[in-house]
Amino acid sequence: MNLLQNKFLSGYAVNKINWQDYQNLSWDDQSQLLNCTILHPLNKAQPVKKSYQYAFLKNFVKALEENNAEVHDAVYEQLGLLCQDKDDSDNYAFKHYCIPSQKQMVTLKESKTFISEGTTGLCSWQASLALSEWLLKHSEKIANKKILELGAGTGLSGIVAAKCCKAKFVTLSDGSPAVVNLLRENLSLNFDNEDSNIESRLLLWEDVSESDFSEHNLPEVLLGADITYDNSVFPALVGVLDKIFTITGNSCKLFLAATIRNEATFREFLSFLEAKGFSANEETYVRPSDDLVWDESTPIRILSVTR
Ligand SMILES: C[S@@+](CC[C@H](N)C(=O)[O-])C[C@H]1O[C@@H](n2cnc3c(N)ncnc32)[C@H](O)[C@@H]1O
């Protein structure tokens, strides 16, 4: 039930859930399922997208009915309520990413659509989950380091770095003002202002200059998740890497999670890196079965980039 709870709270695709595992549930177990999903206190306080909740419960009821199991009245009741509510007009909802190994939860406000307000940065992409998971397994690579995340979007990877991986200080950056506003909200959902080791800032790759950095915020590690999605961004992205590596005397490192939607686009990115003298190594790792839940149907590669 814990796994299903974590899937529900983080909005894991309902069509990827193995509903057969839940089609024999007794009334007590159905009630428990409701309590740890739809009626979970986190979902009451900061609800997951209503249309997602409706689809989740509808699939559960379908699995029970197909198995001729008796559906709990409370399940039908919640389904009815969600049916009335599922088309709410809010543009944003919440996701709660559970990190069992750290007994931590990251709550993020996210756009309900992949692209809104002219940016892809208002929702979390799979690469940010992959990078978070990799950082959790390799926290020694960023512990006590000053981190700058580029194209941070909702901020998941950087928040995990600050909250769970003992990073010294994390700066979440993005080039979209709407994204930076959302980052501020997400920081206040996850950190107390007074003692936090994390901040957000507007940083458009095209505009970065030496004056953006001081000794205090000179990064030792850069992070990036799903920022290599389109070859039109490569000149600006590799340009900003070139600038930051130069400012740090090539002492910093980049850990990048690249979603491979098109192998040729990814190879083109590697040749942009090579042309500026960078070397990229693919990091291999075994996914833990019991930490963050995410759907890995699209391949994601983790690279460490040095110069
Ligand atoms: C696909 S989203 C990935 C967001 C987040 N890293 C994730 O994986 O969920 C790409 C992000 O890169 C940012 N971005 C794209 N071009 C940029 C640029 N030239 N300067 C700064 N940020 C940029 C976008 O605003 C967006 O937040």
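About 40 Å³ of space lies in the largest cavity of this structure, which is a predicted model. A search of the whole structure turns up 1 cavity of 30 Å³ or more. Let's start there, then move on to the pockets and the ligand.

**The cavity**

Which residues line the largest cavity? They are Lys146, Ile147, Leu148, Phe169, Thr171, His216, Asn217, Leu218 and Pro219. Sorted by class, that lining has 5 nonpolar, 3 polar and 1 charged residues. Two strands, S3 (146-150) and S4 (169-174), each chip in at least two residues of this lining. The largest share comes from S3, with 3 residues.

**The largest pocket**

Now for the open spaces. The largest pocket holds about 700 Å³ of space. Its lining is made of 31 residues, and Gly11, Lys95, Phe114, Ser124 and Gln126 are the ones that lie nearest its centre. Strand S1 (92-99), strand S2 (104-111) and helix H6 (126-137) each supply at least two residues of that lining. Which element gives the most to the lining of the largest pocket? That would be S1, with 4 residues.

**The ligand and its surroundings**

Where does the ligand go? The space it takes is the second largest pocket. There are 21 residues around the ligand, and Trp125, Gly151, Asp174, Glu206 and Ala225 come nearest.

Some of these residues also show up when you look at atom-to-atom distances. A backbone N or O atom of Gly151 is 2.8 Å from a nitrogen atom of the ligand. Ala225 does something similar: one of its backbone N or O atoms lies 2.8 Å from a nitrogen atom of the ligand. With Thr119, look at the side chain instead, where an N or O atom is 3.4 Å from an oxygen atom of the ligand. As for cover, the ligand on its own has 590 Å² of accessible area, and the protein covers 93% of that.

**Classes side by side**

Here is how the residues around each space or molecule split up by class.

| Group of residues | Nonpolar | Polar | Charged |
|---|---|---|---|
| Shell around the ligand | 9 residues | 9 residues | 3 residues |
| Lining of the largest pocket | 14 residues | 9 residues | 8 residues |
| Lining of the largest cavity | 5 residues | 3 residues | 1 residue |

To find these places yourself, pick out S3 for the cavity, S1 for the largest pocket, and Gly151 and Ala225 for the ligand.

Definitions and conventions:
Residues numbered from 1 in each chain as written. Predicted model: local features only at pLDDT ≥ 70, side-chain atom pairs only at ≥ 80, totals over all residues. Heavy atoms only, no water. Near = heavy atom within 4 Å. Polar contact = N/O pair within 3.5 Å; in protein donor to acceptor, adjacent residues only side chain to side chain. Areas by Shrake-Rupley, 256 points an atom, 1.4 Å probe, with all protein chains shown as cover. 1 Å grid on protein atoms, 1.4 Å probe; cavity = no way out; pocket = protein on both sides within 12 Å on 5 of 7 lines; lining within 4 Å. Sits in = over half its atoms within 2 Å of the grid points. Nonpolar A, V, L, I, M, F, W, Y, C, P; charged D, E, K, R; others polar. Points joined across faces, edges and corners; volume = space filled by probe spheres on them.
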